[in-house]
Amino acid sequence: MIVQNTKQILQKYKQFAKKLYGQNFLIDSNVLNNIITYSKLSKQTGVIEIGPGLGALTEYLALAAKKVLAYEIDQDMVSILQETTRQYDNIVIINEDILQAELEQDIEKYCNDCAEIVVVSNLPYYITSPILFRLLEIAQIKKYILMVQKEVGYRIVSKPKTKEYGLLSVWMQYNSQCRLLSNVSANCFYPAPKVESALIEVLVTKNDYGLKNEVNFLKFLQGIFSQRRKTLSNNLFTYYGLQKEKTKQMFNQFGWKELVRAEELSVKELIDLYQFLLESDEIHD
Ligand code: SAM
């Protein structure tokens, strides 16, 4: 198995792990087995893998799923991967930046015979948030099993009034049910990253909040969460020109204190606020 030969493969191809691309390869087969168990793949599942690297996880995925679409930005890794995974005929290697890839079209093209699409990845940590925001745009994908930096995992599942809670938490929890599956030690990777890791599950849910324009709601959230140290009232003034006196009255109606911060409000409260501002014509869809 590839997982047992990481250092030898790197040596053989005269490669080293590139920090620039967040390359920390999984070298622990227990972790790989856990990922596969949590992913609940079947021979009907199409898997999207972000950053296959040398192919340690890819190999496990190919054995468990119908098809694996593996997006790898690093041409050096792609050349190695083509050899390490040569024996599997259900892996499609795509040498692209995941953030630039035409995921919807690729799923259509390669996975139209799959019953479900699941993302399984040991993510490149330096672009975790942009990847999560991008994945949530893709309607065909309903489940992700992801290795993330532990801190980010905790941010994703955090509750209001904690220091971890912010835009990422709200947007993930608005769109999905997220849970931490396990903590993963830095020793399970080569080279060992400086941070600890966590495995998370994201189940995309169709919410019934009834917002017509979710892109605008996201923009609203980006505005009110942009300056963490400012009060909500200040951010509403900066981004929407809302007069302080009006905001004060509105917050009073909601039962919030004048100096409330966005980080203190639940997803539901933020939606209520957004809908109230729409209905009172303070902001527009
Ligand atoms: N899956 C392998 C494993 O678990 O051993 C490697 C995981 S490593 C943490 C992250 C991988 O993502 C690397 O192979 C890296 O080259 C790749 N990567 C980094 N940025 C990427 C991007 N924008 N698009 C696609 N792949 C990327």
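**Ligand contacts and overall architecture**

In the predicted model, a nitrogen atom of the ligand lies 3.4 Å from an N or O atom in the side chain of E49. The protein covers 99% of the 590 Å² of accessible area that the ligand has on its own. Two further polar contacts involve the backbone. A polar backbone atom of L26 is found 2.9 Å from an oxygen atom of the ligand, and a backbone N or O atom of I73 is placed 3.4 Å from a ligand nitrogen atom. The ligand is surrounded by 22 residues, of which G51, E72, D97, N122 and Y126 come nearest.

The chain that forms these surroundings comprises 285 residues, and 51% of them count as buried. Its secondary structure consists of 12 helices and nine strands. Taken along the principal axes, the C-alpha atoms fill a box of roughly 70 × 40 × 30 Å. Among contacts in the chain with a separation of 6 or more, 65% are accounted for by residues 24 or more positions apart.

The accessible surface of the chain amounts to about 14000 Å², and carbon and sulfur atoms contribute 48% of this area. With respect to charge, the chain carries 33 positive and 33 negative side chains. The centres of the two sets are separated by 5 Å.

Technical notes: Residues are numbered from 1 along each chain as its sequence is written. This is a predicted model: local features need pLDDT of at least 70, side-chain atom pairs count only at pLDDT 80 or more; totals for chains, interfaces and linings use all residues. Side-chain values use heavy atoms; hydrogens and water are left out. Helices (H or I, at least four residues) and strands (E, at least two) are DSSP runs, numbered from the N terminus. Buried means under 20% relative accessible area, exposed over 50%, partly exposed in between (1.4 Å probe, protein chains only). Contact means heavy atoms within 4.5 Å. Accessible areas come from the Shrake-Rupley method with a 1.4 Å probe; for residues, only the protein chains shown count as cover. Lys and Arg count as positive and Asp and Glu as negative; His and the chain ends are not counted. The place of a charge is taken as NZ of Lys, CZ of Arg, CG of Asp or CD of Glu. A residue is near a molecule or strand if one of its heavy atoms lies within 4 Å of it. A polar contact is a pair of N or O atoms within 3.5 Å; within protein, one must be able to donate a hydrogen and the other to accept it, and residues adjacent in sequence count only if both atoms are side-chain atoms.
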